[in-house]
Amino acid sequence: MSRFGSLPRRLVHMVILLFGITLVTFFLLRLIPGDPALAILGSSYTHTRAVAIDSTLGLNRPIWSQYALFMGRLFHGNLGFSFFYDESATTVIGQHIQPTIFLIVYSAVLAALISLPIGFIAGLRSGGVIDQSSRVFFTLSFAMPAFWLGIILILIFSVHVPVFPISGFGRGLGGHLYYLFLPAITIALGFSTVLVRSLRAATIGTLQSEFIDTAQMKGIRWSRVLRKHVFRNAVLAVVAVYGVNLAYLISGTVLVENVFSLPGLGSLLVNSVSDRDYPVVQGVTLLFALLIVTINLLTDIAQAALDPRVGQEIGT
Amino acid sequence: MSAMLTASPSELLMKVATKAASRRGGFARRRLVLIIGLALLGIAIIAILTGPLWLTQSPTAIDVLHPLAPPLTPGHPLGTDQYGRDILARIIYGGRIDLAIAFGATSVTLVFGTVYGLVAGYFGGKTDSALMRIVDLFFAFPFLVLIIAIIAMLGPSIFNMFVAIWITSWVAYARIMRAQTVVAKKQQYVLAARALGYGRLRVMLRHILPNVASVVIIFSMVDAIGNIILASSLGYLGLGAQPPTPEWGTMIADGQNYILTSWWLATMPGLAIVFVGVAFSLIGDGLADILRPGDR
């Protein structure tokens, strides 16, 4: 079977998954107790508007027809109307995407920079100082809520030693990088817990493999063995973990955006809950799910591209 | 590899932790980890349950003379908040909600997810595919986002927080349990039990379950930490416990407003979360060593 042989099957699965995601998102609105039109309109309720909502959502039609309507709209990028912002939900969401994407990428990069060296060294010298101290540190950080860690970092680096700003998104690339450093490092530290431990385990596992003995016996210099054989294989083993957790980063983003008052999707989501802005909640949820499915697919492709053995195993 | 691709981070963490733990230390030392964890959790539970007996302050009593008193103030060991309410008292009372989530949410999802995974893994075939596609669907959403979305529709409250966790977080157990069951199904002892003519239910509950339960039990410790963090996160975002009910997350949110002058408001409740989290994590590590000594 070729390297990417199982990808078509993954794609079929993805389509089924996407279908399921739209179903879940569609049914979210059904969880609202009472009359959805009343809930969506809130204080801006008028009879004419309620009738308009009933007909746009198709509330007077059978449920399958409502879903068809929802899907038809979705294909046109129409997520409904936000009465709170008095704009289409798609526009509102579009205005909040940039900080979130920036934050996710930034923290993913920082996490890689933190955990690659630490995890690799912890694995090479397992039981050593770096291994022991990183274990203690990351055990603690696993029990820390991201939002609290963010506040503690603000206390240290914005209040006590004022190096970084307390909140805001900044201007231009440099401004973003500076303003988002604390939020990104907050997420990255949580993310690193899993990465460091996986990479450490993978490194130890690789060191015990026979091909490392073979390489050594061929007389290859140890530093080269480490670089070309141990490190490469260990990192390969962690790519999957990295991909899964990139998706997991989104939960961190939702919290951390609120801690640092960043104008991203996470803040929008939480604010929309208190504003009872249901179309926006629905839209953001859908968007995040799409993001995760995309990232998972990219991880699969990246793995298949990096490691020829993977192609045959993917696709259960 | 594909199991790895779709495993949640906490599952992966557990696997790695299980492996790492069994390598270090002798049996006595490993048991010590469990004992320390249980002791820490015991201290937290006893303190929270007996709080009303020994606390001299009420969590809602307002002391106008001592607002924002720093820690170690006489009468207020951890200081007071902006209304002069005693922080220690608020942490002890607030812990009830967080511990209730740790046990109440985790136990329900543990049981449901375990049965679900057991059925999927044992029956296999179409039943399995259908059941597991539903699980995949849940994994396509970021957990926190799905939970927030459900709470958004139901309305923010402590009870709805439980509901949202019950709806969503059994899926990790289902996935772990299914994987274990698929392997166990092919083992000699299960084949023997089936050859003896035992019914499906008996084989599943009396033969497979006792042999693979340890994995989900260990995972439930990691999950309990996750649920405490989740409960406090929702409280922080204003989607869980509502003020003036003391809860660790809402206290931290409150304290963030006073971060420039009074660091203890936001710091202390977070330390309580870390304390309980470390306790569960040590228990998980200890259990992993004792229940699954073969995992090397």
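## Two helical chains and their contact

R276(A) is found in the loop that joins α12 to α13 (278–306) in chain A. The model is a predicted one. Although R276(A) is not a glycine, its phi is positive, at about 55°. R276(A) counts as partly exposed because 19 other C-beta atoms lie within 10 Å, and a buried residue needs 20 or more.

A second residue of chain A has this backbone feature. S261(A) has a positive phi of about 45° and is not a glycine either. The loop that holds S261(A) runs between α11 (222–259) and α12 (265–274) of chain A. With 13 other C-beta atoms within 10 Å, S261(A) is partly exposed.

Helix α12 of chain A also contains N271(A). N271(A) is partly exposed, having 17 other C-beta atoms within 10 Å. N271(A) and S192(A) are 79 residues apart along the chain, and their C-alpha atoms are separated by 29 Å.

In chain B, K186(B) sits in the loop between α8 (171–185) and α9 (188–195). K186(B) is exposed, since 8 other C-beta atoms lie within 10 Å and the limit for an exposed residue is 12 or fewer. Between K186(B) and Y122(B) the sequence separation is 64 residues, and the C-alpha to C-alpha distance is 10.0 Å.

The surroundings of these four residues are listed below.

| Residue | Location | Other C-beta atoms within 10 Å |
|---|---|---|
| S261(A) | loop between α11 and α12 of chain A | 13, partly exposed |
| N271(A) | helix α12 of chain A | 17, partly exposed |
| R276(A) | loop between α12 and α13 of chain A | 19, partly exposed |
| K186(B) | loop between α8 and α9 of chain B | 8, exposed |

**The chains as a whole**

Chain A contains 14 helices and two strands. Taken along the principal axes, the C-alpha atoms of chain A fill a box of roughly 85 × 60 × 35 Å. Chain A has 316 residues, of which 41% count as buried. Of the contacts in chain A with a separation of 6 or more, 72% are between residues 24 or more positions apart.

Chain B has 12 helices and zero strands. Its pattern along the sequence is α-α-α-α-α-α-α-α-α-α-α-α. In chain B, 51% of the 296 residues are buried. When contacts in chain B between residues at least 6 apart in sequence are considered, 72% join residues at least 24 apart.

**Helix α6 of chain A**

Helix α6 of chain A covers residues 129–142, which makes 14 residues. At 1.5 Å a residue these should span 20 Å, and the end C-alpha atoms are 20 Å apart, in agreement with that expectation. Which residues of α6(A) are buried? They are D131(A), S134(A), F138(A) and F142(A). These buried residues cover an arc of only 70° around the axis, so they lie on the same side of α6(A). The face turned away from this buried side carries exposed residues, namely V129(A), S133(A) and V136(A). The cover over the buried residues of α6(A) includes α5 (89–124) and α9 (181–207) of chain A, together with α12 of chain B.

**Where the chains meet**

The contact between the chains takes 54 residues from chain A and 50 residues from chain B. On the side of chain B that touches chain A, at least two residues each come from α1 (2–6), α2 (9–23), α5 (125–139), α6 (143–154), α10 (200–237), α11 (248–256) and α12 (264–291) of chain B. The largest share of that side, 11 residues, comes from α6(B). By class, the side of chain B that touches chain A has 38 nonpolar, nine polar and three charged residues.

**Packing of α10 and α12 in chain B**

The axes of α10(B) and α12(B) come within 8 Å of each other and cross at roughly 170°. How are these two helices oriented, roughly parallel or roughly antiparallel? Angles over 145 degrees count as roughly antiparallel, and α10(B) and α12(B) are therefore roughly antiparallel to each other. Residues of α10(B) in this contact include S214(B), I218(B), M221(B), I225(B) and S232(B). Among those they meet on the α12(B) side are I273(B), G277(B), F280(B), G284(B) and L291(B). By class, the contact of α10(B) with α12(B) has 15 nonpolar, five polar and no charged residues.

Methods
Residues are numbered from 1 along each chain as its sequence is written. Chains are lettered from A and ligands numbered from 1 in the order in which they are written. This is a predicted model: local features need pLDDT of at least 70, side-chain atom pairs count only at pLDDT 80 or more; totals for chains, interfaces and linings use all residues. Two residues are in contact if their C-beta atoms, placed from the backbone, lie within 7 Å. Helices (H or I, at least four residues) and strands (E, at least two) are DSSP runs, numbered from the N terminus. Ala, Val, Leu, Ile, Met, Phe, Trp, Tyr, Cys and Pro count as nonpolar, Asp, Glu, Lys and Arg as charged, and the others, Gly among them, as polar. The expected span of a helix is 1.5 Å times one less than its number of residues. The arc is that of the directions from the helix axis to the C-beta atoms. Axes are lines fitted to C-alpha atoms, for helices over the stretch in contact, and angles run from 0 to 180 degrees between N-to-C directions. Angles under 35 degrees count as roughly parallel, over 145 as roughly antiparallel, 65 to 115 as roughly perpendicular and the rest as oblique.
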